[in-house]
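Reader: I should be grateful for a close examination of a single part of this model, set in the context of its surroundings. Please begin with the charged pair and proceed from there.

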Amino acid sequence: MKLLIFAGSTRAQSFNRQLAKVAGRLARQAGAEVTLLELSSLAIPLYNADLEALGTPPDVIRLKEIMLAHPGWIICSPEYNGSYTALLKNTLDWASSPVKGDPRWQQGTEAFTGKVVGLLSASPGALGGLRSLAHLTPLLLNLQCWVTPQQFALGQAGTAFDAQGELLIDKQRAGVESVVKQVLWAAERLSPQPLP
């Protein structure tokens with residue numbers, strides 16, 4: 001099973017980028033083929049319809065292709081002001097924007113429809129960014145994704161990781177693993193099967 005993992009942050013010491021790496025290691029241990037996508041590797045501008053009218057940026061097409069190729073995703077969402085980040089919203093807005101005149105991407109939800117998405121969050125606060133997941137879930141449902149019921153928010157993230165980037169507490173690692181396993185389980189069953 002191909003699994004895409006990315007965090008809605010580009011900050012060097014981002015707790016959510018660290019959490020994405022933990023999820024990636026656990027997914028590989030479970031047998032998944034993991035793509036850990038760093039959003040900083042994509043040249044995606046702030047969404048602007050006038051800019052889009054001049055032509056969809058090449059890295060937006062690349063993002064759509066990466067998303068389409070993976071039946072399962074895990075998104076690690078920071079919490080800013082009780083919701084998800086502008087970076088994450090901008091990324092999803094571009095990825096869901098139709099490309100006029102392109103038969104493959106003229107449907108905005110093409111890269112999203114039927115994807116199984118698990119949600120994680122990490123925050124220095126006690127709630128672990130849980131409110132961001134509550135806002136992100138309906139957005140993904142609107143884009144025709146299957147969002148797993150199992151979610152995990154890592155509180156007190158500033159003291160949660162060791163020097164190697166592993167979670168110190170077994171219960172927290174088990175919380176991440178439960179989301180990973182549910183995404184893989186559901187994606188295996190919900191992904192369209194190739195025709196014989």
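**Helix α6 and its surroundings**

Author: In this predicted model, Arg-173 and Asp-170 are joined by a salt bridge, in which the closest N and O atoms are 2.2 Å apart. Both residues belong to helix α6, and because they are three residues apart, about one helical turn separates them. Arg-173 is partly exposed, its relative accessible area being 24%, whereas Asp-170 is exposed, at 55%. Side chains of opposite charge can pair when their charged atoms come close.

The helix that carries this pair comprises residues 170-190, 21 residues in total. From its first C-alpha to its last, α6 reaches 30 Å, close to the 30 Å expected at 1.5 Å a residue. Its buried residues are Gln-172, Gly-175, Val-176, Val-179, Val-180, Val-183, Leu-184, Ala-186 and Ala-187. These residues pack against four strands, β1 (2-7), β3 (72-76), β4 (116-122) and β5 (146-154), and against helix α1 (15-29).

One of the buried residues of α6, Val-176, also has a prominent place in the largest nonpolar core. That core has 30 residues, of which Leu-19, Leu-120, Leu-154 and Val-176 touch the most other members. The elements giving two or more residues to the core are β1, α1, β3, β4, β5 and α6. Apart from this core lies another, of 28 residues, which includes Leu-42, Ile-66, Ala-111 and Leu-143. In soluble globular proteins, nonpolar side chains tend to be buried together.

Leu-120 shows how the parts meet. Leaving aside neighbours within four places in sequence, Leu-120 is in contact with Val-176 and Val-179, and with Asn-16, Leu-19 and Ala-23. Its further contacts are Ile-74, Ile-75, Cys-76, Ser-77, Leu-133 and Phe-152.

The strands against which α6 packs belong to an open sheet of five strands, in the order β2-β1-β3-β4-β5, with parallel pairing. At the edges stand β2 and β5, each with a single partner strand, so one side of each is left without a neighbour in the sheet. On average, and with direction ignored, neighbouring strands of this sheet are turned by 15 degrees against each other. Within the sheet, β3 and β4 run parallel and are joined by five bridges; Ile-75 stands opposite Leu-119 in β4. Helix α1 lies across β1, β2, β3, β4 and β5, and runs at about 135 degrees to β4.

The pair in α6 may be set beside other charged pairs, for the structure holds six salt bridges. In one of them, Arg-17 is joined to Glu-38, with the closest N and O atoms 2.9 Å apart. Arg-17 lies in helix α1 and Glu-38 in the loop between β2 (33-37) and α2 (49-53), so this pair ties together parts that are 21 residues apart in sequence. Arg-17 is buried, with a relative accessible area of 16%, while Glu-38 is partly exposed, with 23%.

A further salt bridge brings together the side chains of Glu-79 and Arg-131, at 2.5 Å from N to O. Here the residues are 52 apart and the pair links distant parts of the chain: Glu-79 is in the loop between β3 and α4 (86-95), and Arg-131 is in helix α5 (residues 130-142). Arg-131 counts as partly exposed, with a relative accessibility of 45%.

Methods. Residues are numbered from 1 along each chain as its sequence is written. This is a predicted model: local features need pLDDT of at least 70, side-chain atom pairs count only at pLDDT 80 or more; totals for chains, interfaces and linings use all residues. Side-chain values use heavy atoms; hydrogens and water are left out. The expected span of a helix is 1.5 Å times one less than its number of residues. Buried means under 20% relative accessible area, exposed over 50%, partly exposed in between (1.4 Å probe, protein chains only). Contact means heavy atoms within 4.5 Å. A nonpolar core is a set of buried Ala, Val, Leu, Ile, Met, Phe, Trp, Tyr and Cys residues joined through side-chain atoms within 4.5 Å. A salt bridge is a side-chain nitrogen of Lys or Arg within 4 Å of a carboxyl oxygen of Asp or Glu. Two strands pair if DSSP finds at least two bridges between them. Axes are lines fitted to C-alpha atoms, for helices over the stretch in contact, and angles run from 0 to 180 degrees between N-to-C directions.
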